[in-house]
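Subject: A structure for you to explore

Hello,

Here is the structure I promised to pass on to you. Please open it next to this email and follow along as you read.

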Amino acid sequence: MTVRATDLRRIALSLEGTIEAPHVDRAAFKVKRIYATLAADERSANFKFTPEEQEFKCMLAPHAFQPVAGGWGRQGWTTATLSELNLAELRQAGDELADIARRVAAVSSHDDPAVERRGLAEQVRQLEEASRTAEAALA
C-alpha cells in the first residue's frame, strides 16, 4: 500500500493543535510553526526533521526521502515521495509527525527553557531507538 495525500492530511490534522493553512503553493501543517507541507499535486510532502533524522531517513529509504535542495535541506527539511512510502513507513508517520509537531512547538516557545530541554532529550531517545532498529534490520 502506498501513502496518499489523504493519509498524510488525516494523520497531521489528528495531532493536537495542528491546523492546515496555505503556504506559497503548498498546504502547510503547523502548531505555532510549520512542521510539514504537502505539494499542490499531492505527490510529495516536506517534513522538518533534524539534520540527523534527515540523514537517517535518507539512508534508510533513499527511494522515498531526499533533502530539500539548498539551505532548507541543510536545516533538515526533507522531501518524501508519498507513492514511495510503504505501509510500515505509514505506521511510523503518525508518531513521527507528532514528534515533529511537538519539537517545533517547543522550540518556538522560548518562555520555558525546560520545554526545549525535554524536546532535545526526546530527540536523543528517538535517535537511539532508530539506531537500534536499523542495527536489528541489518543483522
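What percentage of the 139 residues of the protein chain count as buried? The figure is 43%. Please keep in mind that this is a predicted model, and that every value below was computed from it.

**The overall plan**

The protein chain has 5 helices and 6 strands. If you walk along the sequence, you meet them in the pattern α-β-β-β-β-α-β-α-β-α-α. About 8,300 Å² of the chain is exposed, and carbon and sulfur atoms supply 55% of that area. Among contacts with a separation of 6 or more, 53% come from residues 24 or more positions apart.

**The sheet**

The 6 strands make an open sheet, with antiparallel pairing, in the order β1-β2-β3-β4-β6-β5. Strands β1 (19-23) and β5 (65-67) are at the edges and have a single partner strand each, so one side of each has no neighbour in the sheet. From one strand to the next, the twist averages 30 degrees.

As background, strands of a sheet pair through backbone hydrogen bonds, in a parallel or an antiparallel way. You can look at one pairing here in detail: β1 and β2 (residues 26-31) run antiparallel to each other over 5 bridges. Ile19, for instance, has Lys30 in β2 as its bridge partner.

Helix α2 (residues 51-60) packs on this sheet, where it touches β5 and β6 (77-81). The direction of α2 makes about 135 degrees with that of β5.

**A residue to zoom in on**

Next, try Thr78, which sits in strand β6. Is Thr78 buried or exposed? Its relative accessible area is 0%, so Thr78 is buried. The side chain of Thr78 makes a polar contact with the side chain of Gln54 at 3.2 Å, and also reaches the backbone oxygen of Gly76 at 2.8 Å. Leaving out residues up to four places away in sequence, Thr78 touches several others, including Ala45, Phe47, Cys58, Phe65 and Val68.

**The salt bridges**

Side chains of opposite charge can pair when their charged atoms come close. How many salt bridges does a search of the whole structure find? There are 6 salt bridges, and here are some you can look up.

- Arg9 and Glu42 form a salt bridge, with their closest N and O atoms 3.4 Å apart. Arg9 belongs to helix α1 (residues 5-13) and Glu42 to the loop between β3 (33-39) and β4 (44-48), so this pair ties together parts that are 33 residues apart in sequence. Arg9 is partly exposed at 23% relative accessibility, and Glu42 is partly exposed at 38%.
- Asp7 and Arg4 form another salt bridge, and their closest N and O atoms are 3.7 Å apart. Asp7 is buried at 5% relative accessibility, whereas Arg4 is partly exposed with a relative accessible area of 48%. A network of salt bridges links Arg4, Asp7 and Arg10.
- Asp99 pairs with Arg102 in a salt bridge whose closest N and O atoms are 2.3 Å apart. Both residues lie in helix α4 (residues 87-107), 3 residues apart, which is about one turn of the helix. Asp99 counts as buried, at 14% relative accessibility.

Enjoy exploring, and write back with any questions.

Best wishes

Note on methods
Residues are numbered from 1 along each chain as its sequence is written. This is a predicted model: local features need pLDDT of at least 70, side-chain atom pairs count only at pLDDT 80 or more; totals for chains, interfaces and linings use all residues. Side-chain values use heavy atoms; hydrogens and water are left out. Two strands pair if DSSP finds at least two bridges between them. Helices (H or I, at least four residues) and strands (E, at least two) are DSSP runs, numbered from the N terminus. Axes are lines fitted to C-alpha atoms, for helices over the stretch in contact, and angles run from 0 to 180 degrees between N-to-C directions. Contact means heavy atoms within 4.5 Å. A salt bridge is a side-chain nitrogen of Lys or Arg within 4 Å of a carboxyl oxygen of Asp or Glu. Buried means under 20% relative accessible area, exposed over 50%, partly exposed in between (1.4 Å probe, protein chains only). A polar contact is a pair of N or O atoms within 3.5 Å; within protein, one must be able to donate a hydrogen and the other to accept it, and residues adjacent in sequence count only if both atoms are side-chain atoms. Accessible areas come from the Shrake-Rupley method with a 1.4 Å probe; for residues, only the protein chains shown count as cover.
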